[in-house]
Amino acid sequence: TWALLLSMQPLFAALPADLDLELVTTVAGSPVAVRHAGDGSGRIFIVERGGRIHIHEGSQLLPAPFLDIQSSVTSGGERGLLGLAFHPDFSANRYFYVNYTFTNLDTDKLYTRVSRFEVTTENLNLADPDTELVLLEVEQPYSNHNGGDIHFGPDGYLYIGLGDGGSRGDPEDYARDLGVLLGKMLRIDIDHSSPGNGACGLVANYGIPGSNP
C-alpha cells in the first residue's frame, strides 16, 4: 500500500494510465510529508508546513491535531515544519522527532531546529508540546534551501537532510565546506547524547556515531 501526497495542481494528466488514485483525505494549508508510526495502529500522520501534524485514522481525519507548534515555527516559502520521524521503539518510549525553522526573536536570525517530543500517556493521538527536547540548531543565512527531511535508518541513527543555506547557487560554498553543517546529510545517535560535544562545536543533545565519515 502506498500513500501519495499531491498538491492541488493539475498534474494528473502526467500520471501513468494504469495508476489509480483514491482520495483519502484533504488537509488545509500546505501538507509536506506523510508518515506512519510503525506501531501497527494504521494511523497516518500528515505534516503541515505551518506547524501542525494531523492524524488520519480509519476513514477520517481526526479533528484535533496530533501536534501544534505553530507559535514556534516560522513558515512560508521553503520554511516551516518540514520533517517528521518516529523513534524505532516508538511503541515503548512514545518519542518522535521533527525538523522545523524558527526565528530567534533576539537576533532576528533564522534557524533550523531538530527536536524530540513525546506522546501523552493519556491519549496516544495527542503529543505534549511541553516535552520538547532540542537536539540541534543550525543558523540559516537565507530563507530558502532549508532541506528538512528526516528518517531513521536501519542502523537506528537519525538521518537529517540539511540544505545549503539558501540564496542561489550556494554563493558561500557551504555545501563543500566540512566546517559547517549546511549542505550535508547528517547522521546522529539520538539514544546516546553527548551535550557540549556536538558537530562543528555546537552544543547538542545527541551523539556522533564513531562510524561517521
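User: Which residue in β12 stands opposite Ile160?

Analyst: In this predicted model, the residue opposite Ile160 is Leu186 in β12. Another such pair involves Tyr159, whose bridge partner in β12 is Arg187.

User: What makes β11 and β12 a pair of strands?

Analyst: Strand β11, residues 158-162, is joined to β12 by five bridges. At least two bridges are required, so the two strands count as paired. They run antiparallel.

User: Which strands are the edge strands of the sheet that holds β11?

Analyst: The sheet is open and has three strands, in the order β10-β11-β12, with antiparallel pairing. β10 (147-152) and β12 (184-188) are its edge strands, since each pairs on one side only. From one strand to the next, the twist averages 20 degrees.

User: What makes β12 mostly covered?

Analyst: Four of the five residues in β12 are buried. For each of those four, the relative accessible area is therefore under 20%.

User: How many helices and strands does the whole protein have, and in what order do they run?

Analyst: The protein has one helix and twelve strands. Read from the N terminus, the order is β-β-β-β-β-β-α-β-β-β-β-β-β.

User: Why is the contact between Arg94 and Glu118 called a salt bridge?

Analyst: The side chains come to 3.8 Å, N to O. The limit for such a nitrogen and a carboxyl oxygen is 4 Å, so the Arg94 and Glu118 pair qualifies.

User: Where in the chain do the two partners lie?

Analyst: Arg94 sits in the loop between α1 (90-93) and β7, while Glu118 belongs to strand β8. The two are 24 residues apart, and the pair links distant parts of the chain.

User: Are Arg94 and Glu118 buried or partly exposed, and what places them there?

Analyst: Arg94 is partly exposed, because its relative accessibility is 21% and buried means under 20%. Glu118 also has 21% relative accessibility, so Glu118 counts as partly exposed.

User: Which residues does the salt-bridge network around Glu118 join?

Analyst: Glu118 also forms a salt bridge with Arg116, with the closest N and O atoms 4.0 Å apart. Arg116 has a relative accessible area of 16%, so Arg116 is buried. Through shared partners, the salt bridges join Arg94, Arg116 and Glu118 into one network.

User: What does the salt bridge between Arg113 and Glu137 tie together?

Analyst: Their side chains meet at 2.7 Å, N to O. Arg113 is in strand β8 and Glu137 in strand β9 (residues 127-140), so this salt bridge ties together parts 24 residues apart in sequence.

User: Why is Arg113 placed in a different accessibility class from Glu137?

Analyst: Arg113 has 14% relative accessibility and therefore counts as buried. Glu137 has a relative accessible area of 30% and is partly exposed. The total for the protein comes to nine salt bridges.

User: Which residues touch the most other members of the largest nonpolar core?

Analyst: Ile53, Phe66, Leu67, Phe96 and Val98 do, in a core of 23 residues. At least two core residues come from each of β2 (44-48), β3 (52-57), β6 (81-86), β7 (95-104) and β8 (109-119). β7 gives the most, with four.

User: With which residues is Ile53 in contact, leaving aside its neighbours within four places in sequence?

Analyst: The partners of Ile53 are Phe45, Ile46, Val47, Pro65, Phe66, Leu67, Leu81, Leu84, Phe96 and Val98. There is also a second, separate core of 17 residues, including Ile160, Leu182, Ile188 and Tyr206. In soluble globular proteins, nonpolar side chains tend to be buried together.

User: Why does Val32 count as partly exposed?

Analyst: Val32, which lies in strand β1 (residues 31-35), has a relative accessible area of 35%. Buried means under 20% and exposed over 50%, so Val32 falls in between. The C-alpha atoms of Val32 and Val47 are separated by 5.8 Å, although these residues are 15 apart along the chain.

User: What share of the protein counts as buried, and what supplies the area it exposes?

Analyst: Of 213 residues, 38% count as buried. The exposed area is about 11,900 Å², with carbon and sulfur atoms supplying 50% of it. Among contacts with a separation of 6 or more, 44% are between residues 24 or more positions apart.

Conventions
Residues are numbered from 1 along each chain as its sequence is written. This is a predicted model: local features need pLDDT of at least 70, side-chain atom pairs count only at pLDDT 80 or more; totals for chains, interfaces and linings use all residues. Side-chain values use heavy atoms; hydrogens and water are left out. A nonpolar core is a set of buried Ala, Val, Leu, Ile, Met, Phe, Trp, Tyr and Cys residues joined through side-chain atoms within 4.5 Å. Buried means under 20% relative accessible area, exposed over 50%, partly exposed in between (1.4 Å probe, protein chains only). Contact means heavy atoms within 4.5 Å. Accessible areas come from the Shrake-Rupley method with a 1.4 Å probe; for residues, only the protein chains shown count as cover. Axes are lines fitted to C-alpha atoms, for helices over the stretch in contact, and angles run from 0 to 180 degrees between N-to-C directions.
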